[in-house]
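User: Could you take me through a few local details of this model, giving the reasoning behind each answer?

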Amino acid sequence: MNTVTSSPDHTSDSVDAVMTRLGQAARAAATVMAASSTAARNNALLALAGQIRAHASQLKADNERDVSAAVANGLAEPMVDRLRLTDKVIETMAQSCEQVASLPDPVGEMINLRRRPTGITVGQMRVPIGVFGMIYESRPNVTIEAASLAIKSGNGCVLRGGSEAIHSNVALWKLVQAALTEVGLPSDAVQLVPTTDRAAVGRLIAMPEYVDVIIPRGGKGLIERISKEARVPVIKHLDGNCHTYVDAQVDLDLAVKVTDNAKTQKYSPCNATESLLVHVNQAAAFLPRIGAVFAAKGVEMRACPRAKAILADVPGATVVDATEQDWFEEYLAPVIAVKVVDSLDEAIAHINKYGSHHTDSILTTHHPDAMRFIREVDSASVMINASTRFADGFEYGLGAEIGISTDKFHARGPVGLEGLTSLKFVVLGQGEVRT
């Protein structure tokens, strides 16, 4: 079993024993975290920010071990870049802890209180989920993101980062434990899997007695495996095949601006637009304009026959025939699928069939069409006259996010602090009895 020197006591243990120990400790600590005060949890986050800044040099040294190994092992440069803890990344981690500390505390919030004819008052209280497991790749700063959200929401967590970042993750986790200890909270509230053995993932996702929910954050292969094998609920999304639909009535300048941003502002995020649908009434006016923008930025367009006929005359444009698979595709690259549709009905049907239920936007000046779109498109985020790139916890005012969910139970869309809580019913009485 592969291990790291930070936890030598684990080296002779089986993966099952190690994971059981982590789960038990996290469960016990979660009980204490749930009862802790907002002030204590905020102080832990501020202490963590201080720890990160104070140990920046050591963090970079530990990170360099991972980066050097990654380069030696031939890891792709974009992945190596994700791995690096630069001065800017380290300061951003510290600031993110301070930002999470400043967010309103959702724990203990009472909602939907209503008086019943019997005299009792019934409502709901927001409480921590308990323990979440998080499995992620490459970026060591996710260790701090997950830990800070766990602390703020009063949860315990068990973190399993990618093997390529093991030394960086261990170094960051030690700072989390030091911050929790500094303010009198249990250091076991945030656990890090100390082994790079892949069997640890299989055990983590099959411990319902210790873990209440799993959050995978990584490539499609990882998330598919977790979804298939997990014995506990999973908060996840598989793909980000997001659509922008240009309606029959539209402000063309707005449509060009928003579509450009939705596709080209950044190609790799899951909320970038991958498919463009254009109503036939606007195709001749809109497609040459957006085609020129895409041509200038080197975006390949995979088009249906009607779209291709229009785009073929755009100077410098790269236009190829779209296949059936292109309508399903999440490119994460300067490539976009383009289709001309005859109606709003066709656009909605196309999105619901081929989309990934992540984020979809309509660009329109026709209010009834806008309302139909947001009612009938079955996605976690639906937008009117806005770029799909806004589908993000920070942009939604959640302060931070631990992931995005396309599931329909519990959490949907960007998952922030509230997504790491649950609701329980509370009843307030003054001696009422049921007759």
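The questions and answers below concern one lysine and one strand of this predicted model.

User: Is Lys-263 buried or exposed?

Analyst: Lys-263 belongs to helix α10, which covers residues 252-264. A residue is called buried when its relative accessible area is under 20%. The relative accessibility of Lys-263 is 0%, and therefore Lys-263 counts as buried.

User: Which residue has a side chain joined to that of Lys-263 by a polar contact of 2.7 Å?

Analyst: Leaving aside neighbours within four places in sequence, the residues in contact with Lys-263 include Thr-273, Glu-274, Phe-294 and Ala-333. Among these contacts, the one whose side chain makes the polar contact of 2.7 Å with the side chain of Lys-263 is Glu-274.

User: How many of the 8 residues of strand β2 are buried?

Analyst: Strand β2, residues 121-128, pairs in the antiparallel sense with strand β1, residues 110-115, over 4 bridges, and with strand β16, residues 421-428, in the antiparallel sense over 8 bridges. Strand β2 is largely enclosed by the rest of the structure, because the number of its 8 residues that are buried is 7.

User: Which residue is the bridge partner of Val-122 in β16?

Analyst: Val-122 lies in β2, where Arg-114 stands opposite it. β1 and β2 form a hairpin with 5 residues between them, and Gly-119 in the turn has a positive phi of about 110 degrees. In β16, which also pairs with β2, the bridge partner of Val-122 is Val-427.

Note on methods: Residues are numbered from 1 along each chain as its sequence is written. This is a predicted model: local features need pLDDT of at least 70, side-chain atom pairs count only at pLDDT 80 or more; totals for chains, interfaces and linings use all residues. Side-chain values use heavy atoms; hydrogens and water are left out. Helices (H or I, at least four residues) and strands (E, at least two) are DSSP runs, numbered from the N terminus. Buried means under 20% relative accessible area, exposed over 50%, partly exposed in between (1.4 Å probe, protein chains only). A polar contact is a pair of N or O atoms within 3.5 Å; within protein, one must be able to donate a hydrogen and the other to accept it, and residues adjacent in sequence count only if both atoms are side-chain atoms. Contact means heavy atoms within 4.5 Å. Two strands pair if DSSP finds at least two bridges between them.
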